[in-house]
Amino acid sequence: MASKQAPGTSAAKLTKTERAAQRQEKARILREQEAKRRSRNRTVIISACVVAIVVIAFVVVKLVSSSGAVAQAKNVTPSYGIAVTAQGAATTATKSGVPTIQIFEDPTCPHCVEFHSASKDAFARHIAAGDINVVYQPVAIGPIGPQYIDQGNWGVAAEFYVATHAPQQFGAFHDVLMDHSKGLFALISKVATEGKGDLPGKEQIKAYAQQAGVPADVADGMVRALGAPEWNNYLKKVLQGFRSAGATGTPTVMVDGKIVENYGNTNAAIATWLDQVATGKVK
């Protein structure tokens, strides 16, 4: 016995109109299935493209950060020094026939701040007289404690950034950064000894720049640059230069490329030493 069919399913019993409707329904179902397939394909393709873009972006960032790209600093000597004019501008030019004093220093180094405080007036007098060259050698050689490494790196990078983009204000910025009562180390010391407040950050360094008269756009660009891979790589080059010069700590003072072991530790003693250097009595 033949199996039974459900009513209305026999193609032989369908009218012409019903068969046409059936074909149209099948066609509609096929169209819907094709549309869904295409939609799924588009979703897969778009998802794949998004993933590819994310992967490419990640690879590009990794390549940039690990490519060894180094910031291009200006008004800086090949040995990473920043000479200053009588007006406090950053320059690579030094006067021939007079002694050149290099000062390797870190704005988060307490002894560097002490030396700066004791010597800045005497240095300013001799720079104005033109009988010595003064070349600052900012360098971040390591933190006072692990929590201070960023401040040291930011401070040193900021000096090179200002020398590059606002050279006329370099001297003023350097002095504000190294100020014994309000500078970078002074604020760090206050937090460390009193246990109050927060460690100074990039915005504080920006405030120093503004105080020194650095243009607003340069100060903003400086904040964005601090900690960037190319500037971190630049600081590594600076540290290599520091070591190549034979320096092992900060401050290190050199006269015509020779490390000075004793230059005094008071304003009067340093002033006397500078007078002797300027007149050729100390070499």
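Okay, this is a quick walk through the pocket, the core and some aromatic pairs of this structure.

First, the ground rules: it's a predicted model, so local features need pLDDT of at least 70 and side-chain atom pairs count only at pLDDT 80 or more, while totals for chains, interfaces and linings use all residues. Residues are numbered from 1 along each chain as its sequence is written, and side-chain values use heavy atoms, with hydrogens and water left out.

Let's start with the pocket. On a 1 Å grid over the protein atoms alone, a pocket is an open set of points where a 1.4 Å probe fits, with protein on both sides within 12 Å along at least five of seven lines, and lining residues have an atom within 4 Å of a point. The largest one holds about 230 Å³, where volume is the space filled by probe spheres set on the points, and points are joined across faces, edges and corners. It has 16 lining residues, with Gly-88, Ala-124, Ile-127, Tyr-136 and Asp-175 nearest the centre. Helix α2 gives the largest share, six residues. Helices here are DSSP runs of H or I, at least four residues, strands are E runs of at least two, and both are numbered from the N terminus.

So what about α4, residues 170-177, which also supplies at least two lining residues? Six of its eight residues are buried, meaning under 20% relative accessible area with a 1.4 Å probe, protein chains only. Those are Phe-170, Gly-171, Phe-173, His-174, Val-176 and Leu-177.

Phe-173 takes us into the core. A nonpolar core is a set of buried Ala, Val, Leu, Ile, Met, Phe, Trp, Tyr and Cys residues joined through side-chain atoms within 4.5 Å. The largest has 62 residues, and Phe-173 is one of the four touching the most other members, along with Ile-101, Met-222 and Trp-273. Helix α3 gives the most to this core, eight residues.

Now the aromatics. Rings of Phe, Tyr and Trp (its six-membered ring) pair if their centres lie within 6.5 Å; planes under 30 degrees apart are stacked, over 60 edge-to-face, and the rest tilted. That rule gives nine pairs. Phe-115 and Phe-123 are edge-to-face, at 6.1 Å and 65 degrees. Tyr-136 and Phe-170 sit 6.4 Å apart with planes at 55 degrees, so that pair is tilted. Tyr-136 is in strand β4 and Phe-170 in α4, so the pair ties together parts 34 residues apart in sequence. Both Tyr-136 and Phe-170 are buried.

Notes: Buried means under 20% relative accessible area, exposed over 50%, partly exposed in between (1.4 Å probe, protein chains only).
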